[in-house]
Amino acid sequence: VVMVDEASMVGTRDLTVIRERVETAGARLVLTGDPQQLGAVEAGGVMGLLHDRAETFTLAEVRRFHEPWERDASLRLRAGDREALDVYDAHGRVLGYHDPGETVTAAARAWVADHLDGRDVLAVAASNRLAGEVSRSVRDLLISLGEVDDGPGVQLGRDHNLASVGDLVQARRLDRALGLVNREVYRVTALTDDDGLDVVSVRTGEHWHVPASYASHDLALAYASTVHAAQ
């Protein structure tokens, strides 16, 4: 059995290749996910197609949230009920600001506050450009708090931000030769003489060297990301 998780995010071309290989091996293909969540960046839609035409199974209850109101509101939001936003607003979950700059600052301050409280934090932005702005603002705050070195840094190619010792960075291209995994988050431990970085994986604790050739093209700060990357 080959299971494809978050299958709504898989493009039709990639899913066709997977299906052909599964059929060749005489195996069974199982797709899991939610047709009302994120779709593929490229051409997709298979989950919606199967939901309307094939036998499917759906979870019977929401178990992800502690608060009963949030369980109900999440299902209403999933179904596209805009009035569900009023429920989130009534519980203080919707915050409004006068301009995008204030929003970026507020998101960065909230990220740092939760980080200092010992939480794992995820900031989600509407675009890579906006994610880069939030990450830059978070980095400035961390420098002011002494958690990130305030010295010459290495410029990162994907968001054009600087990174120095203490920063969290994210790989944006799989490179098996270097041992770097796409979207893996690393903490910078040293700047090297070749304008690269020594890093440690936040997830595994493994140490890696990121040469300048990679950092200058395929590395970004990891304090914020787009919704697809976060998923």
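## Salt bridges and the α5–α6 helix contact

With a relative accessibility of 36%, Arg19 counts as partly exposed. This value, like the others in this report, refers to a predicted model. The partner of Arg19 in a salt bridge is Glu23, a residue that counts as exposed because its relative accessibility is 53%, and the cut-off for that class is over 50%. Arg19 and Glu23 both lie in helix α1, which spans residues 12-24; because they are four residues apart in that helix, about one helical turn separates them.

### Salt bridges

In the whole structure, a search finds 13 salt bridges. Three of these pairs are set out below with the distance between their closest N and O atoms.

| Salt bridge | Closest N and O atoms |
|---|---|
| Arg19 with Glu23 | 3.3 Å |
| Asp117 with Arg119 | 3.4 Å |
| Arg203 with Glu184 | 3.1 Å |

In the pair formed by Asp117 and Arg119, Asp117 counts as exposed, at 51% relative accessibility.

Arg203 and Glu184 also form a salt bridge. This pair links distant parts of the chain, its two residues being 19 residues apart. Arg203 belongs to the loop between β8 (197-201) and β9 (207-210), whereas Glu184 belongs to the loop between β6 (168-171) and β7 (185-191). The two partners also fall into separate accessibility classes: Arg203 is exposed, with a relative accessible area of 65%, while Glu184 is buried, with a relative accessible area of 10%. Elsewhere, Arg158, Arg173, Asp175 and Asp218 are joined into one network by salt bridges that share partners.

### Packing of α5 and α6

Two packed helices are described by the angle between their axes and by the distance between those axes. For helix α5 (residues 100-116) and helix α6 (residues 128-144), the angle is about 50° and the axes are 9 Å apart. That angle makes α5 oblique to α6, because it lies neither under 35 degrees, the limit for roughly parallel, nor within the 65 to 115 degrees that count as roughly perpendicular. The crossing of α5 past α6 is right-handed.

On the α5 side, the contact is formed by Val104, Thr105, Ala107, Ala108, Arg109, Trp111, Val112 and His115. These residues meet Leu130, Glu133, Val134, Ser137, Val138, Leu141 and Leu142 of α6. By residue class, the contact of α5 with α6 comprises 10 nonpolar, three polar and two charged residues. The charged residues are Arg109 in α5 and Glu133 in α6.

Note on methods:
Residues numbered from 1 in each chain as written. Predicted model: local features only at pLDDT ≥ 70, side-chain atom pairs only at ≥ 80, totals over all residues. Heavy atoms only, no water. Axes fitted to C-alpha atoms, helices over the stretch in contact; angles between N-to-C directions. Parallel < 35°, antiparallel > 145°, perpendicular 65-115°, else oblique. Left-handed = near helix turned anticlockwise from the far one by under 90°. Contact = heavy atoms within 4.5 Å. Salt bridge = Lys/Arg side-chain N within 4 Å of Asp/Glu carboxyl O. Buried < 20%, exposed > 50% of the residue type's maximum accessible area, 1.4 Å probe, protein only.
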